[in-house]
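Here are some notes to go with your first look at this one. Have the viewer open while you read, and take the points in order.

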Amino acid sequence: MTVRMHTPNLLARAGTVTALTLVTLGGTTMAPGAAGNAEAASVSVHALRVAASKGGAPYRYGAQGPHAFDCSGLTLYSFKRAGRALPRTAAAQYSRTRHIPAASRRRGDLVFFHSRSGIYHVGIYAGRGRMWHAPKAGSVVRLERIWSRSVWYGRVH
């Protein structure tokens with residue numbers, strides 16, 4: 001049985017309510033202790049909240065937080081704060097996740113951008129075709145639409 005609770009109440013108790021966080025999470029989340037993949041889902045949603053809280057932080061190549069990030073530094077930092085260790089690079093993070101089809105993606109899953117030469121970017125899926133990521137030099141951590149079909153998804157165990 002899946003139990004759903006209204007997110008604003010959970011976030012209010014945690015003292016982290018923002019309009020951007022509510023939009024990112026879509027207003028609901030898994031309740032702690034729910035059956036099935038609830039623990040993994042709660043870790044992923046926690047990581048998503050951490051990434052959303054870093055909105056506006058500057059991109060800096062090689063940065064792993066807490067005040068600046070590159071793409072894999074943001075995912076590494078977010079999941080570390082949620083209690084899961086990830087390797088440093090986007091390609092190594094892809095190797096460490098359970099690969100899932102786009103139709104099965106959930107908030108908090110990792111989004112990996114790839115080309116013929118391999119994986120070149122990673123973000124955290126936020127729902128509705130959007131993700132939190134640290135795009136490139138001169139930009140900031142932000143919520144953005146997934147702009148390519150050349151993506152794979154991975155779920156952190």
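**Notes on the sheet and its surroundings**

1. Start with a facing pair: His 99 stands opposite Gly 154, which belongs to β8. Keep in mind throughout that this is a predicted model.

2. That pair sits where two strands meet. Three bridges join β3 to β8 (residues 151-155), and the two strands run antiparallel. In general, strands of a sheet pair through backbone hydrogen bonds, in either a parallel or an antiparallel way.

3. Now zoom out to the whole sheet. It is open, has six strands and follows the order β3-β8-β4-β5-β6-β7, with antiparallel pairing. Its edges are β3 and β7 (142-145), each of which pairs on one side only. On average, neighbouring strands here are turned by 40° against each other, ignoring direction.

4. What packs on this sheet? Helix α4 (residues 71-81) does, touching β4 (110-115), β5 (118-127) and β6 (130-133). The direction of α4 makes about 45° with that of β5.

5. Next, have a look at Thr 97, in the loop between α5 (90-96) and β3 (98-100). Is Thr 97 buried or exposed? Its relative accessibility is 7%, and buried means under 20%, so Thr 97 counts as buried.

6. Thr 97 has company from elsewhere in the sequence. Leaving aside neighbours within four places, Thr 97 is in contact with Leu 110, Phe 112, Gly 154, Arg 155, Val 156 and His 157. Gly 154 is the residue from point 1, opposite His 99. There is also a link back to Tyr 94: a polar atom of the Thr 97 side chain lies 3.0 Å from the backbone oxygen of Tyr 94.

7. On to the rings: the model has six aromatic pairs. One of them joins Phe 69 and Tyr 77; with centres 5.3 Å apart and planes at 65°, the pair is edge-to-face, because planes over 60 degrees apart count that way. Both Phe 69 and Tyr 77 are buried.

8. Tyr 94 and Phe 112 make another edge-to-face pair, at 5.0 Å centre to centre and with 75° between the planes. This pair links distant parts of the chain, 18 residues apart: Tyr 94 is in helix α5 and Phe 112 in strand β4. Tyr 94 and Phe 112 are both buried.

9. Which residues form one aromatic cluster with Tyr 94? They are Phe 112 and Trp 152. It's worth displaying these three rings together with Thr 97, given that Thr 97 is in contact with Phe 112.

Key
Residues are numbered from 1 along each chain as its sequence is written. This is a predicted model: local features need pLDDT of at least 70, side-chain atom pairs count only at pLDDT 80 or more; totals for chains, interfaces and linings use all residues. Side-chain values use heavy atoms; hydrogens and water are left out. Helices (H or I, at least four residues) and strands (E, at least two) are DSSP runs, numbered from the N terminus. Buried means under 20% relative accessible area, exposed over 50%, partly exposed in between (1.4 Å probe, protein chains only). A polar contact is a pair of N or O atoms within 3.5 Å; within protein, one must be able to donate a hydrogen and the other to accept it, and residues adjacent in sequence count only if both atoms are side-chain atoms. Contact means heavy atoms within 4.5 Å. Two strands pair if DSSP finds at least two bridges between them. Axes are lines fitted to C-alpha atoms, for helices over the stretch in contact, and angles run from 0 to 180 degrees between N-to-C directions. Rings of Phe, Tyr and Trp (its six-membered ring) pair if their centres lie within 6.5 Å; planes under 30 degrees apart count as stacked, over 60 as edge-to-face and the rest as tilted.
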